[in-house]
Amino acid sequence: MRRDRDGGWRPSARTDRAVSETISFVLVFSLIVASVGAVYAIGVSELEATRDAERIENAQRAFDVLADNVDDVLEGAPSRGTEVKLAEATLRSADDASMNVTVDPEGGGTPRNWEFSLSPLVYNIEAGGEIRLSNGAVLRDSAGGGAAMIRGPPVVVDDDRVQLTLIRQEHSGPVAVGGSQTVRIRTAASRSRLFYDDAGGHDLVRVNVTTPYPEAWGRHYESVGFDCSVVDAATPGSSGTVSCNATDVDRVTIVWSRVRTSFE
């Protein structure tokens, strides 16, 4: 403090500077705290989203390899093992999908029908989203919805022919494993069997798929030549059904395969 001309007292310049420095420190410190809080609030969620996206990308690549290994055992390989890193996820054999195939010959022939459970293998991420292998197809569903078929099932449709390979997956041992461990999926298959092969003409070939993702199956079957419609929409926790038809087909071939899976 120092005396002014009127005999009063006022703060000295040194005191003014001290107050100014204190205020500046408080403002700068508050700005740093606010910036760190904003980065933490926004950046951590972005990092977690990036981590979860990378995990499901890795799972998709693993399931692509798994589908290749299924093709190998169907072609005669004794067995194949596919390693999948769970990374806070669950790998399970599900019972929420099935397939029904009907073949209706021309001229009043007796319709033929095959119905079986698909027993898909499903990789579930805790934060949401999944990858699944079902009848040789690989499907991906994100946490925000919008399932897509990454790899289609074995099917051939052209102007005069429909060829379907029906793959029944049968799982043995524990039906689910979780955590962050690496799991080996062991696959083996019995010899494929020719169930039906007729070039005498057919009025209709119908494929019905009951699945949590009927729209994705319908889009794929339409892309190869079927006409499809969802006859029963899926709801959370409940599968729906898509029906796909091909008409006026000369030759129809149905191949039946059985694939056994287990977790090691």
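These exercises work through aromatic pairs, salt bridges and a charged patch in a predicted model.

**Exercise 1. Classify the ring pair Trp-114 and Tyr-196, and place both residues in the chain.**

Solution.
- Start with the search of the whole structure, which finds 5 aromatic pairs.
- Take the geometry of Trp-114 and Tyr-196: the ring centres lie 5.9 Å apart and the planes meet at 70°.
- Planes over 60 degrees apart count as edge-to-face, so this pair is edge-to-face.
- Now locate the partners. Trp-114 sits in strand S6 (residues 112–117) and Tyr-196 in strand S15 (residues 193–198). They are 82 residues apart, so the pair links distant parts of the chain.
- Check burial. Buried means under 20% relative accessible area. Trp-114 has 8% and is buried. Tyr-196 has 7% and is buried.

**Exercise 2. Describe the pair formed by Phe-116 and Trp-256, then find the cluster that holds both.**

Solution.
- The centre-to-centre distance for Phe-116 and Trp-256 is 4.9 Å, with 80° between the planes; the pair is edge-to-face.
- Phe-116 belongs to strand S6, Trp-256 to strand S19 (residues 251–263). The separation is 140 residues, and distant parts of the chain are linked.
- Phe-116, at 4% relative accessibility, counts as buried. Trp-256 is buried too, at 9%.
- Ring pairs join Phe-116, Phe-195 and Trp-256 into a cluster.

**Exercise 3. Which parts of the chain does the salt bridge between Glu-57 and Arg-140 link?**

Solution.
- The whole structure holds 15 salt bridges.
- In the bridge between Glu-57 and Arg-140, the closest N and O atoms are 2.9 Å apart.
- Glu-57 lies in helix H1 (residues 13–74) and Arg-140 in strand S9 (residues 137–141). The two are 83 residues apart, in distant parts of the chain.
- Glu-57 is partly exposed, at 29% relative accessible area.

**Exercise 4. Trace the network that contains Arg-184.**

Solution.
- Arg-184 bridges to Glu-264, with 3.9 Å between the closest N and O atoms.
- Arg-184 is in strand S14 (residues 182–189); Glu-264 is in the segment after S19, 80 residues away.
- Arg-184 is partly exposed, with 30% relative accessible area.
- Through shared partners, salt bridges join Glu-83, Arg-184, Arg-186 and Glu-264 into one network.

**Exercise 5. Which residues form the negative surface patch, and is Asp-248 buried or exposed?**

Solution.
- The patch consists of Glu-106, Asp-159, Asp-160, Asp-203, Asp-248 and Asp-250.
- Asp-248 is found in strand S18 (residues 240–249).
- Exposed means over 50% relative accessible area. Asp-248 has 55%, so Asp-248 counts as exposed.

Key
Residues numbered from 1 in each chain as written. Predicted model: local features only at pLDDT ≥ 70, side-chain atom pairs only at ≥ 80, totals over all residues. Heavy atoms only, no water. Patch = residues over 30% accessible without salt bridge, like charges linked within 9 Å, V, L, I, M, F, W, Y side chains within 5 Å. Areas by Shrake-Rupley, 256 points an atom, 1.4 Å probe, with all protein chains shown as cover. Salt bridge = Lys/Arg side-chain N within 4 Å of Asp/Glu carboxyl O. Lys, Arg positive; Asp, Glu negative; His and termini not counted. Charge placed at Lys NZ, Arg CZ, Asp CG, Glu CD. Helix = DSSP H or I, 4+ residues; strand = E, 2+ residues; numbered from the N terminus. Buried < 20%, exposed > 50% of the residue type's maximum accessible area, 1.4 Å probe, protein only. Phe/Tyr/Trp six-rings, centres within 6.5 Å; stacked < 30°, edge-to-face > 60°.
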